[in-house]
Amino acid sequence: MRELEDQCKVNLRFMYLMDHQAPSYRTFGYFINEVLAILLKNKFNGTGKIIHI
């Protein structure tokens with residue numbers, strides 16, 4: 001996650017995508033571990049329900 005933080009500071013592509021903001025590695029960690037994990041869990045649960053019908 002520190003690599004993502006570093007890339008947002010030096011890589012022009014990342015800087016463009018992030019609108020020249022560089023979130024901290026903790027922000028990336030929170031998003032990946034909390035927000036993204038919950039979204040993926042819900043997605044897989046919904047897919048499992050469809051398959052079992």
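**Entry 1: a term to settle before looking**

I take a residue as exposed when its relative accessible area is over 50%, and as buried when that area is under 20%. With that cut-off I looked up H20, and because its relative accessibility is 59%, H20 counts as exposed. I note from the start that I am reading a predicted model.

**Entry 2: confidence**

I looked up how sure the predictor is of this chain, and found a mean pLDDT of 85, with 89% of the residues reaching 70 or more. Going through the chain by element, I found the lowest confidence in helix α3 (residues 25–52), where the mean is 83, and the highest in helix α2 (residues 12–17), where it is 90. I keep a general caution beside these values, that predicted coordinates should not be read in detail where pLDDT is low.

**Entry 3: the chain as a whole**

Which elements make up the chain? I counted 3 helices and 0 strands, and following the sequence I wrote the pattern down as α-α-α. I then looked up burial and saw that 13% of the 53 residues of the chain count as buried. For the accessible surface of the chain I noted about 4,900 Å², with 62% of it belonging to carbon and sulfur atoms.

**Entry 4: E5 in helix α1**

I turned next to E5, which I located in helix α1 (residues 2–10). Is E5 buried or exposed? Its relative accessibility is 13%, and because the limit for burial is under 20%, E5 counts as buried. Setting aside the neighbours within four places in sequence, I found E5 in contact with P23, S24, Y25 and F28. Of these, I can place Y25 and F28 in helix α3, which covers residues 25–52.

**Entry 5: charges**

I keep in mind that side chains of opposite charge can pair when their charged atoms come close. How many salt bridges does a search of the whole structure find? The search gives 1, and I traced it to E5 and K9, whose closest N and O atoms are 3.6 Å apart. Both residues lie in helix α1, and I noted that they are 4 residues apart, about one turn of the helix. The E5 of this salt bridge is the buried residue of the previous entry, with a relative accessible area of 13%.

I also looked for a charge over a ring, and found R2 over the face of Y25, at 3.7 Å from the ring centre. Aromatic pairs were my next search, and the count came to 0.

**Entry 6: the loop between α2 and α3**

I went on to the loop between α2 and α3, where I located D19, H20 and Q21. What is unusual to look up here is the sign of phi: D19 has a positive phi of about 55° although it is not a glycine, and H20, also a residue other than glycine, has a positive phi near 60°.

I then checked the accessibility of the loop residues against the cut-off of over 50% for exposed. D19 is exposed, as its relative accessible area is 57%, and Q21 is exposed as well, at 52%.

**Entry 7: from the loop back to helix α1**

How far apart are Q21 and K9 in sequence and in space? I found them 12 residues apart in sequence and 8.0 Å apart in space, C-alpha to C-alpha. K9 is thus on my pages twice, since this partner of E5 in the salt bridge is also the residue from which I took the distance to Q21.

How values were computed
Residues are numbered from 1 along each chain as its sequence is written. This is a predicted model: local features need pLDDT of at least 70, side-chain atom pairs count only at pLDDT 80 or more; totals for chains, interfaces and linings use all residues. Side-chain values use heavy atoms; hydrogens and water are left out. Helices (H or I, at least four residues) and strands (E, at least two) are DSSP runs, numbered from the N terminus. Buried means under 20% relative accessible area, exposed over 50%, partly exposed in between (1.4 Å probe, protein chains only). Accessible areas come from the Shrake-Rupley method with a 1.4 Å probe; for residues, only the protein chains shown count as cover. Contact means heavy atoms within 4.5 Å. Rings of Phe, Tyr and Trp (its six-membered ring) pair if their centres lie within 6.5 Å; planes under 30 degrees apart count as stacked, over 60 as edge-to-face and the rest as tilted. A charge sits over a ring if NZ of Lys or CZ of Arg is within 6 Å of the ring centre and within 35 degrees of the ring normal. pLDDT is the predictor's confidence in each residue, from 0 to 100. A salt bridge is a side-chain nitrogen of Lys or Arg within 4 Å of a carboxyl oxygen of Asp or Glu.
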